[in-house]
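Student: I would like a close look at one part of this model. Please start there and then follow the packing and the charges through the rest of the chain.

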Amino acid sequence: MSGKAVAALDAALHAVGIKPGGQARAEARDEAGTAPGAPTVASAHDGTMAALTWRGKKDVRVAQTDALLRVSATAICGSDLHLYLHSMPGLRAGDVLGHEFMGVVEEVGDGVKTVKRARARAAPTPSLRAWQVQEAMYGHASGGFYGYSHLTGGYAGGQADHVRVIMADANCLVLPEGLSDLDAVLLTDILPTAWHACEMGDVKKGDVVAIWGAGPVGLLTAHCAQHRGAGRVILIDSVPDRLAHAAAKLPGVETLDFGQRDTLAALKEMTAGEPGRGPDVCIEAAGFHYAKSLLHKLEMAVQLETDSADILNELITACRKGGTISIVGVYVGFVNHFNVGAFMEKQLTMCGGQTPVRRRAAEQGARGAAKGYQMFNDKTDGCIKVVLRPGAAEAVTRAPAPAPAH
């Protein structure tokens, strides 16, 4: 989405006058150190937690169904880059980002039944209230998310030392012993998203699966597709480090560098001997702001569309007749030149949606978060995934672990 379009929609969001709950600010604090608009948290000696919440005019109530989580690992998601580039509307200065995080439960409200204090480890799995701007845009509210703009509720995110987890019984997954933080944090989004992509694509034994995007979600989607018995998995990207990582870590996965070869021509050649002469399942794991053509770059720049149909049209064109398209890359608005004719005439099935919610290539302390965003967005230093560890003294970049010997 272009900067002007984002600014216009931001102004519209402010104009509706809605104040979503759970918002915290990272600046402009008062003398007591409290951020304006942040929830007031009362911690009692008996280990309970309560938060004073605004419900309406002259209506404030104490919520006791929440938990206070001390964050031990929090990741930068590929969809956070839409926020980093301000391609996503609804952002306000001081918003706390991050929806992939896990940690230790330090306080719980009296109304919390299934999540216990006693240093229980938990991974939030958001199921939050959305608000009416989503209904105006989409017909229904699609859902709320931590740290993902006021379009999705304005809930303070988990790239922080502590997080208030709304409705803890519904939004915390208590983790088993023996699961490391760096494995557990993947359960908060990208691993479930990868499985969700395969579920929506109905990936089954023998299928030819093509995946657009070799970021963390694309890599895990390829892994999940192999686990489900796919006959062939083709991973498409233009970043050599990502494709090399896939080749090293996922034996049997085929890679396609669209910077070197035309995607459609290459896929046609690679699947010429398949019964359907094309992939059975095409999965979009990239997102809306990756316009490939000059036409869509111009139309997004002058606000004639919010999202690009370039990759979607490639999926439609490449997929075999009667095949399935699965979309887990984020899309937020409207596209032009969508090839609906090919979609209909080829009898394709298309599914998309946010997931009902392995390894990292970069691990950094919270002080390295800004560098982590830049490195992840610019796709430099072989970065595949960034995990932040609150409290770490410095930023440390780690290369992918070597593949086990066979």
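Which residues make the nonpolar surface patch of about 430 Å²?

Tutor: Leu 52, Trp 54, Val 60 and Val 62 make the patch. This is a predicted model, so every value below is computed from predicted coordinates. Two strands, β2 (49-56) and β3 (59-63), each give two or more residues to the patch. Take Val 60 as the test case. Val 60 is found in strand β3. Its relative accessible area is 51%, and Val 60 is therefore exposed. The cut-off for exposed is over 50%. Patch membership asks for over 30%, and Val 60 at 51% meets that.

Set the patch against the whole chain. The chain has 406 residues, and 52% of them count as buried. Its accessible surface comes to about 18700 Å², with 55% belonging to carbon and sulfur atoms. The chain holds 13 helices and 16 strands.

Now go inside. In soluble globular proteins, nonpolar side chains tend to be buried together. Here the largest nonpolar core has 36 residues. Val 203, Val 209, Ile 211, Ala 222, Val 233 and Leu 235 touch the most other members. Many elements feed this core: β4 (67-76), α5 (181-184), α6, β9 (208-212), α7, β10 (232-237), α8 (240-249) and β12 each supply at least two residues. Helix α7 gives the largest share, six residues.

Ile 211 shows how the parts meet. Setting aside neighbours within four places in sequence, Ile 211 contacts Gly 218, Thr 221 and Ala 222. Ile 211 also contacts Val 233, Ile 234, Leu 235 and Ile 236. Ile 283 and Ala 285 complete the list.

Helix α6 is one of the contributors to this core. It covers residues 190-201. At 1.5 Å a residue, its twelve residues should span 16 Å, and the end C-alpha atoms are 16 Å apart, which agrees. Nine of the twelve are buried, so α6 is largely enclosed by the rest of the structure. The buried set is Ile 190, Pro 192, Thr 193, Ala 194, His 196, Ala 197, Cys 198, Met 200 and Gly 201. An α-helix has 3.6 residues a turn, so residues three or four places apart point the same way. The buried residues of α6 pack against two groups of partners. One partner is a helix, α7 (216-227). The others are strands: β5 (100-108), β12 (281-284), β13 (324-327) and β14 (349-352).

Just after α6 comes Asp 202, with a positive phi of about 55 degrees. Asp 202 also leads to the charges. The structure holds eleven salt bridges. Asp 207 pairs with Lys 204, with the closest N and O atoms 3.8 Å apart. The cut-off for a salt bridge is 4 Å. Asp 207 is buried, at 7% relative accessible area, whereas Lys 204 is partly exposed, at 43%. Salt bridges with shared partners join Asp 202, Lys 204 and Asp 207 into one network.

Glu 274 and Arg 232 form another salt bridge, with the closest N and O atoms 2.8 Å apart. Glu 274 lies in the loop between α9 (263-270) and β12, and Arg 232 in strand β10, so the pair ties together parts 42 residues apart in sequence. Burial puts the two partners in separate classes. Glu 274, at 21% relative accessibility, counts as partly exposed. Arg 232, at 19%, counts as buried, because the cut-off for buried is under 20%.

A further salt bridge joins the side chains of Asp 237 and Arg 242, at 3.4 Å from N to O. Asp 237 and Arg 242 are both buried.

Return to the loop between α9 and β12. Gly 276 is found there. At 30% relative accessibility, Gly 276 counts as partly exposed. Its C-alpha atom is 9.4 Å from that of Val 208, although the two residues are 68 residues apart along the chain.

One more region completes the interior. A second, separate core has 20 residues, including Ile 311, Ile 316, Ala 318 and Ile 325. Helix α11 covers residues 310-318, and eight of its nine residues are buried, so it is largely enclosed by the rest of the structure. The buried residues of α11 include nonpolar ones such as Ile 311, Leu 312, Leu 315, Ile 316 and Ala 318. Asp 310, Asn 313 and Glu 314 are buried in α11 too.

Technical notes. Residues numbered from 1 in each chain as written. Predicted model: local features only at pLDDT ≥ 70, side-chain atom pairs only at ≥ 80, totals over all residues. Heavy atoms only, no water. Patch = residues over 30% accessible without salt bridge, like charges linked within 9 Å, V, L, I, M, F, W, Y side chains within 5 Å. Areas by Shrake-Rupley, 256 points an atom, 1.4 Å probe, with all protein chains shown as cover. Helix = DSSP H or I, 4+ residues; strand = E, 2+ residues; numbered from the N terminus. Buried < 20%, exposed > 50% of the residue type's maximum accessible area, 1.4 Å probe, protein only. Expected span 1.5 Å × (residues − 1). Contact = heavy atoms within 4.5 Å. Core = buried A, V, L, I, M, F, W, Y, C linked by side-chain atoms within 4.5 Å.
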